[in-house]
Amino acid sequence: MILLSLFVSESESRVSLQSEVFVRRLNEFVSPWFTFGGGTRLEFGSDTRPALKVLGPSNKELEQGKATLMCVANKGFPSDWSLSWKTSDSSGSSSIRGEESRTPGVLQNDGLYSWSSTLTLTADQWGKVGSVTCEATQGSQSLVSEILRRDQCSQS
């Protein structure tokens, strides 16, 4: 990367202006986003719906009284897809609340993003779950969802 800098100073008014221009060599990877000013970000590329995969808790974790589920969203664009969870009990009538956390989008070499979200329940809550759904949403894009039924997991 080459940095060109221009510095202008007017000694009487004590005003200074500094401008920097970054030039990237053409043989380097060019990211599909640019940041301007105080964090304004411009992304370019075609909208791509991520593929979702929901992973259930391990037997070892359940033995310790906890159940962590993970939703992996892979190969989406732009970077601001949101991941959320929906749960229902085995009768399908009520939801079960847990603690959610999400990782920021990670830019892959192909210019697409990957994210993950976890839902942490107690083992008792997991025993009452009928299904969990991970949903990915972004602006006007259509919803992407993946359902995991507890009876599909080996530790049910």
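## Exercises on a strand-rich model

K53 stands opposite V72 in β6. Keep in mind as you work that this is a predicted model.

**Exercise 1. Find which strands pair with β6, and in what sense.**

*Solution.* Start from K53, whose opposite residue in β6 is V72. The strands concerned are β5, residues 51–55, and β6, residues 66–76; five bridges join them, and they run antiparallel. Next, look at β10, residues 113–122: nine bridges link β10 with β6, again in the antiparallel sense. To fix the register there, take A73, whose bridge partner in β10 is W115.

**Exercise 2. Describe the aromatic pair that Y113 and W115 form, and work out whether each of the two residues is buried or exposed.**

*Solution.* Begin with a search of the whole structure, which finds two aromatic pairs. In one of them, Y113 and W115 lie 6.3 Å apart, centre to centre, with 25° between the planes. Planes under 30 degrees apart count as stacked, so this pair is stacked. Now widen the view: ring pairs link F77, Y113 and W115 into a cluster. For the burial step, the cut-off is under 20% relative accessible area. Y113 has 2%, so Y113 is buried. W115 has 3% and is therefore buried as well.

**Exercise 3. Place β11 among its partner strands and state how many of its nine residues are buried.**

*Solution.* Take one partner at a time. Strand β7, residues 82–89, runs antiparallel to β11, and eight bridges join the two. A useful marker for this pairing is T87, with V132 as its bridge partner in β11. The other partner to check is β12, residues 144–149, which pairs with β11 in the antiparallel sense over six bridges. Here S131 has R149 in β12 as its bridge partner. Then follow the chain between these strands: β11 and β12 form a hairpin with six residues between them. In that turn, G139 has a positive phi of about 45°. Finally, turn to burial: β11 spans residues 129–137 and is mostly covered, with eight of its nine residues buried.

**Exercise 4. Set these strands in the whole protein: how many helices and strands does it have, and what percentage of its residues count as buried?**

*Solution.* Count the elements to get two helices and twelve strands. Read from the N terminus, their order is β-β-β-β-β-α-β-β-β-β-β-α-β-β. For burial, 30% of the 156 residues count as buried. As a last step, consider contacts between residues at least 6 apart in sequence: 55% of them join residues at least 24 apart.

Technical notes:
Residues numbered from 1 in each chain as written. Predicted model: local features only at pLDDT ≥ 70, side-chain atom pairs only at ≥ 80, totals over all residues. Heavy atoms only, no water. Buried < 20%, exposed > 50% of the residue type's maximum accessible area, 1.4 Å probe, protein only. Helix = DSSP H or I, 4+ residues; strand = E, 2+ residues; numbered from the N terminus. Pairing = 2+ DSSP bridges. Phe/Tyr/Trp six-rings, centres within 6.5 Å; stacked < 30°, edge-to-face > 60°. Contact = heavy atoms within 4.5 Å.
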